Amino acid sequence: MLNPFIVKGYSAKDLFCDREKELEELLQNIYNGVDVTLISIRRMGKTGLIMRTFTELEERFPDRIAIYVDIYSSRCLSDFVKLLAEAILKKFPEKTPIGKQFLELLKSLRPLITYDAITGEPQVSITYQTAVEKEYTLKGLLDFLENKLAELSLLWMSSSRLPNTRKRI
């Protein structure tokens, strides 16, 4: 028998348990446009809850899309921009209409786009000349999400894990 307690990542909604109340609360907050921050010690299921919420959203609203960005490893603005760009490319591959439009935006930022040899997931590296360019790049990414996805009636969500925070969920 397989161990029903997943200790890494999110597997499937069938293995999601004991968080139905939190799931419904998150869904209600999303429906009502309420921002939410999940804070907890490590390994308490925050990512699983977020991924389950995204699955539920996409099942209830198939024309909408949720984007997950794990910013735990970011230590500065350029790290955050890199992770955000990679998450967008992962959700909208370069051959999709939105992916093509996003790549046009990225080309103006002089990126180096590669693909992980093992996972095949996109990796983005952007070179900056000044700190102002970093802020411009982040603004460009966020504007793209806000304008393009709103134009297409898609849902944009960014979720992350925050290091060294403690509060029970």
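At roughly what angle do the axes of helix α3 (residues 77–91) and helix α4 (residues 97–107) cross? Keep that question in mind while the whole chain is on screen, and remember throughout that this is a predicted model.

**The whole chain**

Begin with everything displayed as a cartoon and follow the chain from its N terminus, where the elements appear in the pattern α-α-α-α-β-β-α, giving 5 helices and 2 strands in the chain. If you then colour by accessibility, 31% of the 169 residues count as buried, while the surface that the chain exposes amounts to about 11300 Å², with carbon and sulfur atoms supplying 54% of that area. Of the contacts with a separation of 6 or more, 63% are accounted for by residues 24 or more positions apart.

**Helices α3 and α4**

Now select residues 77–91 together with residues 97–107, and the opening question can be settled: the axes of α3 and α4 come within 10 Å and cross at roughly 155°. Because the angle is over 145 degrees, α3 is roughly antiparallel to α4. Show the side chains of A85, I88 and L89 in α3 and of F102, L103 and L106 in α4, since these residues make the contact. Coloured by class, the contact of α3 with α4 divides into 6 nonpolar residues, with no polar and no charged ones. As for handedness, α3 passes α4 in a left-handed crossing.

**Helices α1 and α2**

Move next to residues 20–31, which form helix α1, and residues 46–60, which form helix α2; their axes also come within 10 Å, and they cross at roughly 60°. The two helices, α1 and α2, are therefore oblique to each other. Here α1 passes α2 in a right-handed crossing. To see the contact itself, display E22, L23, E24, L26, L27, I30 and Y31 on the α1 side, which meet L49, R52, T53, E56, L57 and R60 on the α2 side. By class, this contact of α1 with α2 holds 7 nonpolar, 1 polar and 5 charged residues.

**T114 in strand β1**

Which strand should be selected to find T114? Choose residues 111–115, for T114 is found in strand β1, and with a relative accessible area of 33% T114 is partly exposed. Setting aside neighbours within four places in sequence, T114 is in contact with E121, P122 and Q123, so these three side chains can be added to the view. A distance drawn from the C-alpha atom of T114 to that of S125, a residue 11 positions away along the chain, should read 8.4 Å.

**Y128 between β2 and α5**

Is Y128 buried or exposed? Select the loop between β2 (122–126) and α5 (131–151), where Y128 lies; its relative accessibility is 17%, and because the cut-off for buried is under 20%, Y128 counts as buried. Not counting residues up to four places away in sequence, Y128 touches S78, V81, E133, K134 and T137. Of these partners, S78 and V81 fall within the residue range of α3 (77–91), whereas E133, K134 and T137 fall within that of α5 (131–151). To finish, draw the distance between the C-alpha atoms of Y128 and L109, which are 19 residues apart along the chain and separated by 8.5 Å.

Terms used: Residues are numbered from 1 along each chain as its sequence is written. This is a predicted model: local features need pLDDT of at least 70, side-chain atom pairs count only at pLDDT 80 or more; totals for chains, interfaces and linings use all residues. Side-chain values use heavy atoms; hydrogens and water are left out. Helices (H or I, at least four residues) and strands (E, at least two) are DSSP runs, numbered from the N terminus. Buried means under 20% relative accessible area, exposed over 50%, partly exposed in between (1.4 Å probe, protein chains only). Contact means heavy atoms within 4.5 Å. Accessible areas come from the Shrake-Rupley method with a 1.4 Å probe; for residues, only the protein chains shown count as cover. Axes are lines fitted to C-alpha atoms, for helices over the stretch in contact, and angles run from 0 to 180 degrees between N-to-C directions. Angles under 35 degrees count as roughly parallel, over 145 as roughly antiparallel, 65 to 115 as roughly perpendicular and the rest as oblique. A crossing is left-handed if the near helix is turned anticlockwise from the far one by less than a right angle, and right-handed if clockwise. Ala, Val, Leu, Ile, Met, Phe, Trp, Tyr, Cys and Pro count as nonpolar, Asp, Glu, Lys and Arg as charged, and the others, Gly among them, as polar.
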